[in-house]
Amino acid sequence: MLQKMVHRTGKLSSLLRFYSDTLLTAYLVFGMLDFHCSKRKAAKKLPPQPISTKIVNSLQPSGDLFALTHYDKDEQELMEEIRKEQESGERDNYYLPKSYTARLDNKHFNDIGGKDKYQKEVYIAAMLLARKLVPSNDNGNNNAGHGKHQQRNRRGLVLDIGAGSGYKLVKFLSPEFETVGFETEPAISFLRKKYPNEEWVDSGKSEESLPESWNSNSRKPDVCICSDVIEHIHNPNDLAQFLLSLKYKAYVISTPKREARKPFLGPPVNTHHVREWTLHEFKMYLESLGFRVVKS
């Protein structure tokens, strides 16, 4: 069903968390990856706190993971302007300006050498959300483990669409939860050799991507991660519809933030990217497909 799913990098990312319409609420978080805000030396002062650390701290279980994001007046006006431009035909079906130039000759990206320099906060946020949705004192219906996880007594079910090297999924999610990672060649062969005790699906083979193939036990779906993948897909509608068809309780989706990248109207400097969005464009695009954004 889903061909050539890949997992990429970016210095800035929008970390988006969603619930499908089967729930009453949805969840989105927006943030940037690590960088230090100041190069000045200051005696007896702690170094600046990485922005990703601030994001993760705000997602601790003591906080309200399900509180709706409040958009200020300027943001509301901006989103209304984007909506009107889309309705009048000034923007395409992806909510990008008609003047935006996509890179349709993008290159495939192989991330098997990656660790957690990029998108670390995406996976930590997914871990915290999974803990909220699947508490450790689960009543036993969803934490017995299946297949390769049976002896590990993991709980829940977390999918990673475009798992890349698999490092972050295995580090942050696999110790507690049942996980299934999706990738294509050459990454899928690497993953199966590197982590033989984990479940990996070759998304380049449509028959293998079908839920009845990797979820024959009808495990309850909890969290689906799709980290820096959508900007690599020629038709992102196909990816979005595939994600929604999985009927997960929550989706954690990230993509590079176009506001901080040049040229602003494309094509993307990163030759692996087809197109990039601003935060508000991306939010409105995904909501138009059936996601409901909760927090940003």
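**Exercise 1. Find where the prediction is weak.**
Task: In this predicted model, name a stretch where pLDDT stays under 50 and give its number of contacts beyond four places in sequence.

Solution.
- Step 1. Residues 1–43 keep a pLDDT under 50, and the model has 195 contacts beyond four places in sequence for them.
- Step 2. Residues 138–143 also stay under 50. For this stretch the model has 12 such contacts.
- Step 3. Set these against the whole protein. The average pLDDT is 79, and 71% of the residues score at least 70.

**Exercise 2. Sketch the fold in numbers.**
Task: State how many helices and strands the protein has, and what share of its residues is buried.

Solution.
- Step 1. The secondary structure comes to 9 helices and 7 strands.
- Step 2. Of the 296 residues, 54% are buried.
- Step 3. Turn to the contacts with a separation of 6 or more. Residues 24 or more positions apart account for 72% of them.
- Step 4. Finish with the surface. About 14200 Å² is exposed, and carbon and sulfur atoms supply 51% of that area.

**Exercise 3. Map the largest nonpolar core.**
Task: Identify the residues that touch the most other members of the largest nonpolar core, and the elements that each supply at least two residues of this core.

Solution.
- Step 1. The core holds 36 residues. Leu159, Ile161, Trp214, Leu243 and Tyr285 touch the most other members.
- Step 2. At least two residues each come from H2, strand S2 (155–161), strand S3 (177–183), S5, helix H8 (236–245), strand S6 (250–255) and helix H9 (279–289).
- Step 3. A second, separate core has 25 residues, including Met127, Ala130, Leu191 and Ala250.
- Step 4. Look at Tyr285 itself. Beyond four places in sequence, its contacts are Asn93, Tyr94, Tyr95, Ile230, Pro236, Asn237 and Trp277.
- Step 5. Put this in context. In soluble globular proteins, nonpolar side chains tend to be buried together.

**Exercise 4. Read helix H8.**
Task: List the buried residues of H8 and say what they pack against.

Solution.
- Step 1. Pro236, Leu239, Ala240, Phe242, Leu243 and Leu244 are buried in H8.
- Step 2. Recall helix geometry. An α-helix has 3.6 residues a turn, so residues three or four places apart point the same way.
- Step 3. The buried residues of H8 pack against S2, S3, helix H6 (206–209), S5, S6 and H9.
- Step 4. Check what comes after the helix. Lysine 247 follows H8 and has a positive phi, near 55°.

**Exercise 5. Decide on a disulfide.**
Task: Explain why cysteine 224 and cysteine 226 form no bond.

Solution.
- Step 1. The closest cysteine sulfur to that of cysteine 224 is in cysteine 226, at 6.6 Å.
- Step 2. The cut-off for a disulfide is a sulfur pair within 2.5 Å. At 6.6 Å the two sulfurs are therefore too far apart for a bond.
- Step 3. The count for the protein comes to 0 disulfides.
- Step 4. Add burial. Cysteine 224 is buried at 1% relative accessibility, and cysteine 226 is buried at 1% as well.

**Exercise 6. Place the polar residues of one loop.**
Task: For aspartate 222, decide whether it is buried or exposed, then find the polar contact its side chain makes with lysine 249.

Solution.
- Step 1. Aspartate 222 sits in the loop between helix H7 (211–214) and strand S5 (223–227).
- Step 2. Its relative accessible area is 1%, so aspartate 222 is buried.
- Step 3. The side chains of aspartate 222 and lysine 249 make a polar contact of 3.2 Å. A polar atom of the aspartate 222 side chain also lies 2.9 Å from the backbone nitrogen of leucine 157.
- Step 4. Asparagine 215 is in the loop between H7 and S5. It is buried, at 14% relative accessibility. A polar atom of its side chain lies 2.9 Å from the backbone nitrogen of arginine 219.

**Exercise 7. Check the unusual backbone.**
Task: Locate the cis peptide bonds before proline 186 and proline 263.

Solution.
- Step 1. Glutamate 185 and proline 186 are joined by a cis peptide bond, with omega about 5°. Proline 186 lies in the loop between S3 and helix H5 (187–194).
- Step 2. The bond from lysine 262 to proline 263 is cis, with omega near -5°. Proline 263 is in the loop between S6 and H9.

Terms used: Residues numbered from 1 in each chain as written. Predicted model: local features only at pLDDT ≥ 70, side-chain atom pairs only at ≥ 80, totals over all residues. Heavy atoms only, no water. Helix = DSSP H or I, 4+ residues; strand = E, 2+ residues; numbered from the N terminus. Buried < 20%, exposed > 50% of the residue type's maximum accessible area, 1.4 Å probe, protein only. Polar contact = N/O pair within 3.5 Å; in protein donor to acceptor, adjacent residues only side chain to side chain. pLDDT = per-residue confidence, 0-100. Contact = heavy atoms within 4.5 Å. Core = buried A, V, L, I, M, F, W, Y, C linked by side-chain atoms within 4.5 Å. Areas by Shrake-Rupley, 256 points an atom, 1.4 Å probe, with all protein chains shown as cover.
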